[in-house]
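Could you walk me through this model in my viewer, one selection at a time? I would like to know what to click on next and what I will find there.

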Amino acid sequence: MKKLPVIETTKYAYKFFFANFGKLFLMLLQYSGVQVLSYVTILSLVKDDIHYLIKNGINFSQEGIIVILAFFAFRIVDILAFLLLLSININMTRAIVNREEIKKNLFSSLLTSRTWKVLLTFILTTLLGVASICLIGLFIVGLSSAFSYFNLQGMAFNIWIIPLIIFGFITFIYFSMRLMFSIPNSALDHSKPIRLSWKMTRGSLLRLFGVSFLPSLPLIIWWLCSISFIFIFVSNMADISTLDWVLLSIPTAYLTMFWYAGAAQAYKHLSQFTQGE
């Protein structure tokens, strides 16, 4: 298998984003527009935002019922926004791998079978990730119990806890890299996306980590700046309204597109050397 070119793939991710900025911006405008307009409309019906529930508890007064309905409306908007993000990922993957045109209307693809298959793949992949985290946690807890049973929980356990955490982190990264092509496989209509992802990523984990990390640098920087701003200028997390969180999350969606492009280009390269379905 020819090695995955990390730097070239990263360069392509940035190049693709800026070369197609107009089309990508139109998709992201639909995503952000849905979130902002929906939240502003819902918040106009709710006194003191959703924090009313936190401050006053659940009650069935007229005002309380409106807030409860608004809470569920927020969740519906969140689901719609997530489906739009999946559609963006599908569009970018197919544009890079199959050289298809980027669709201008995201909403037209929401009810297609492909989008729902990708959603199902995402759910299954997430469940596998959660299962791996649980197994790692059980392993660490089991060793902790063993140390405690043999009265070694002092210095001996302290010596081992850091390597165990590192082992857990590496194991999580391992499973993440092995499953990272599950959604692209599903977006490209493969019948067994998770199994094929496991096959495609064999022997390329470190390079895939590089391809995941480098295009994600703008996103990481944005997260660090946002978290720093919140800790420095916000004394109480409850002071941040729901709309504030939405406005903070919109750049995240924009910057995640670099990762989508990098993953799709890496997929395109490795698929040449994989006898998949």
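Of the 277 residues in this protein, 41% count as buried. Keep in mind as you click around that the model is predicted. Switch to a cartoon view and you will find eleven helices and zero strands. Followed from the N terminus, the order of elements is α-α-α-α-α-α-α-α-α-α-α.

**Stop 1: the largest pocket**

Turn on a surface and look for the largest pocket, with a volume of about 1,100 Å³. Select Phe122, Ser176, Met177, Met180 and Trp259: of the 30 lining residues, these are the closest to the pocket's centre. Next, colour the helices that each give two or more residues to this lining: α4 (62-97), α5 (113-149), α6 (155-178), α7 (182-187), α9 (205-213), α10 (217-233) and α11 (242-271). What classes of residue make up the lining of the largest pocket? It divides into 19 nonpolar, eleven polar and no charged residues.

**Stop 2: the second largest pocket**

Now move to the second largest pocket, whose volume is about 180 Å³. To display its lining, select Tyr12, Phe16, Asn20, Lys23, Ala95, Ile96, Arg99, Glu100, Glu101, Ile102 and Lys268. Two helices, α1 (6-19) and α4, give two or more residues each to this lining. Coloured by class, the lining shows five nonpolar, one polar and five charged residues.

**Stop 3: a salt bridge at the second pocket**

Keep Lys23 and Glu101 selected, since both are in that lining. They form a salt bridge, with the closest N and O atoms 3.2 Å apart. Lys23 sits in helix α2 (residues 21-43) and Glu101 in the loop between α4 and α5, so the pair links distant parts of the chain, 78 residues apart. Are these two partners buried or exposed? Lys23 counts as partly exposed because its relative accessibility is 36%, whereas Glu101, at 61%, counts as exposed.

**Stop 4: a network of charges**

The structure holds four salt bridges. Side chains of opposite charge can pair when their charged atoms come close. Select Glu100, another residue of the second pocket's lining, together with Arg94: their closest N and O atoms are 2.8 Å apart, in a salt bridge. Arg94 is buried, with a relative accessible area of 10%, while Glu100 is partly exposed at 33%.

Then add Asp189 and Arg114, a salt bridge with closest N and O atoms 2.9 Å apart. Because Asp189 lies in the loop between α7 and α8 (193-200) and Arg114 in helix α5, this pair ties together parts that are 75 residues apart in sequence. Both partners are partly exposed, Asp189 with a relative accessible area of 45% and Arg114 with 24%. With Arg94, Glu100, Arg114 and Asp189 all on display, you have one network, joined by salt bridges that share partners.

**Stop 5: nonpolar groups at the surface**

Select Trp223, Ile227, Phe229, Phe231, Ile232 and Phe233, which make a nonpolar surface patch of about 760 Å². Click on Phe229, found in helix α10; its relative accessibility of 48% makes it partly exposed.

Finish at Leu111, in the loop between α4 and α5. Leu111 is exposed, with a relative accessible area of 73%. Draw a C-alpha to C-alpha distance from Leu111 to Leu83, and you should get 9.7 Å for two residues that are 28 apart in sequence.

Conventions
Residues numbered from 1 in each chain as written. Predicted model: local features only at pLDDT ≥ 70, side-chain atom pairs only at ≥ 80, totals over all residues. Heavy atoms only, no water. 1 Å grid on protein atoms, 1.4 Å probe; cavity = no way out; pocket = protein on both sides within 12 Å on 5 of 7 lines; lining within 4 Å. Points joined across faces, edges and corners; volume = space filled by probe spheres on them. Helix = DSSP H or I, 4+ residues; strand = E, 2+ residues; numbered from the N terminus. Nonpolar A, V, L, I, M, F, W, Y, C, P; charged D, E, K, R; others polar. Buried < 20%, exposed > 50% of the residue type's maximum accessible area, 1.4 Å probe, protein only. Patch = residues over 30% accessible without salt bridge, like charges linked within 9 Å, V, L, I, M, F, W, Y side chains within 5 Å. Areas by Shrake-Rupley, 256 points an atom, 1.4 Å probe, with all protein chains shown as cover. Salt bridge = Lys/Arg side-chain N within 4 Å of Asp/Glu carboxyl O.
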